[in-house]
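Let's take a walk through the empty spaces of this model, and then along one of its helices. Keep the structure open while you read.

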Amino acid sequence: MVSVPRLVIAAPASGSGKTTVAMGLMAAFSERGLDVSPHKVGPDYIDPGYHALAVSSPAVSSPARSGRAVRPGRNLDAYLCGPERIAPLFLHGAAGCDLAVVEGVMGLYDGAAGQGELASTAHVAKLLRAPVVLVVDASSQSRSVAALVHGFASWDPEVRVAGVILNKVGSDRHEELLREALGESGVPVLGALRRVRAVRAPSRHLGLVPVAERRAEAVESVAALAERVREGCDLDGLLALARSAPPLADPPWDPERETAPARGGAEADAGGARPVVALAGGAAFTFSYAEHAELLTAAGAEVVPFDPLRDERLPPGTAGLVIGGGFPEVYAPELSANEPLRGAVAELAAAGAPMAAECAGLLYLARSLDGEPMCGVLPAEARMSERLTLGYREAVAIGDSALAAAGARVRGHEFHRTAVEPGAGPEPAWGLVRPERRVEGFVQGGVHASYLHVHWAAMPDAAVRFLAGCAPRSG
């Protein structure tokens, strides 16, 4: 049994302010010297970047936090990873923390389309046995807020809505009316935030601009959110509520244990050379689940980050390449101008090295992106599109690849406003089976490139399979 103080920050609907409140709480508790573990329900990559900043930014530093390792923002997605992995993944990420804050997704009870509660914030809260704090946009209501909160608190008796934070409160009198109404609801008010000019958080075609592209501004924004939450919320009451969460009986997720079956139970040879797997990062490639690198490391790799915008060479000895999602379309001229690195990537692919490219990685490996030359590994042209492609997918591997054996079934997520032509190569990466049937992506030599984002925690053998193709390389 493992006890982790924890809160789930939810809302009746998107746009209520749960991201603002979650980030503010993470930063405010970090200011107090608590070791805060940040989590996000759903597949979103951008919010976890802000969460990691909120618990580690110099603007919210304290002497008690000095020397601690930076905690990455981690996702908890019951669709991608399966409900059975949510508590173990949570316990892995939250190990040793003083408090875990889990930001929800959409409205509290909104989940995967047509599949009931699956992957909803409520579903994850139940799996974690965590108290829920409901963030309510109170800007256009007074007594009606009690009916709203009562409805959400009573809809599912297994979901413990244990507190309310009122957002966009107009005045002292407005707050008084709201508190009076909620006094009979049985759900305590744990905070009230005034309606103020929004903290600067610029958006783009896929949501917030990632932290890596605006770090200095983001640090200021997080500090401002911490101040708002510190002044408007009952931090002691929220911490007491978090500490009321019961112990969890699940074993923490362990990348060593997860990869052991595919490795035949063999331990990585600590004395031998570990194949270098280069992991693309920087401002253009910000989408990556922390567990991917952890699984590769457990499987025996030396994972080395690099920035395709700045580095003209791959890390020395690179034997495999992982390029996740991000916004290469924003940096197409700069990526194209880095000809030495584009050439190195093409040479690595020609040598048969395994490459796993998702979404942004797919675009980078194409011949061109919006007319700018890219790596030319794939016989495809990429461009921005007016159409947003978004949603969960079920897929099957068409043939053997660096990531999966033919016939392997996976669950993934698409999120892009770009298109590639053609959409699939002679050997497609995946055959999508739900909600639509089509083939997409490319398997070419050691390259596996696709729009589909998958979570390797649900397919840990992918890390071992990928590493098996990584022949030691010099240089």
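**Pockets, cavities and a helix**

The second largest pocket holds about 800 Å³ of space. A pocket here is an open set of points on a 1 Å grid over the protein atoms alone, with protein on both sides within 12 Å along at least five of seven lines, while a cavity is a set of points where a 1.4 Å probe fits but cannot get out; lining residues have an atom within 4 Å of a point. Points are joined across faces, edges and corners, and a volume is the space filled by probe spheres set on them.

Before going on, some housekeeping: this is a predicted model, with local features needing pLDDT of at least 70 and side-chain atom pairs counting only at pLDDT 80 or more, though totals for chains, interfaces and linings use all residues. Residues are numbered from 1 along each chain as its sequence is written, and side-chain values use heavy atoms, leaving out hydrogens and water.

Back to that pocket. Its lining runs to 31 residues, and Gly49, Ala52, Pro72, Thr286 and Ser288 lie nearest the centre. Helix α2 gives the most, seven residues; β3 (74–76), β10 (276–280), α11 (290–299) and β11 (302–306) are among the elements that each supply at least two. Helices (H or I, at least four residues) and strands (E, at least two) are DSSP runs, numbered from the N terminus.

Now for the closed spaces. Searching the whole structure turns up four cavities of 30 Å³ or more. The largest has about 100 Å³ of space, and its lining includes Tyr45, Ser288, His292, Ala356, Glu358, Leu403 and Trp456. The second largest has about 50 Å³, and Ala356, Glu358 and Leu403 are among its lining residues too, along with Trp430 and His448. Strands β13 (355–358) and β21 (447–450) are the elements that give two or more residues to this second lining, and β13 has the largest share, with three.

Finally, look at helix α8 (residues 215–232). How does its length hold up? The expected span is 1.5 Å times one less than the number of residues, so its 18 residues should span 26 Å, and the end C-alpha atoms are indeed 26 Å apart. Its buried residues (under 20% relative accessible area, 1.4 Å probe, protein chains only) include Ala218, Val222, Leu225 and Val229. The buried residues of α8 pack against α1 (18–31), α2, β6 (161–169), β7 (189–194) and α9 (235–243), where contact means heavy atoms within 4.5 Å.

How values were computed:
Buried means under 20% relative accessible area, exposed over 50%, partly exposed in between (1.4 Å probe, protein chains only).
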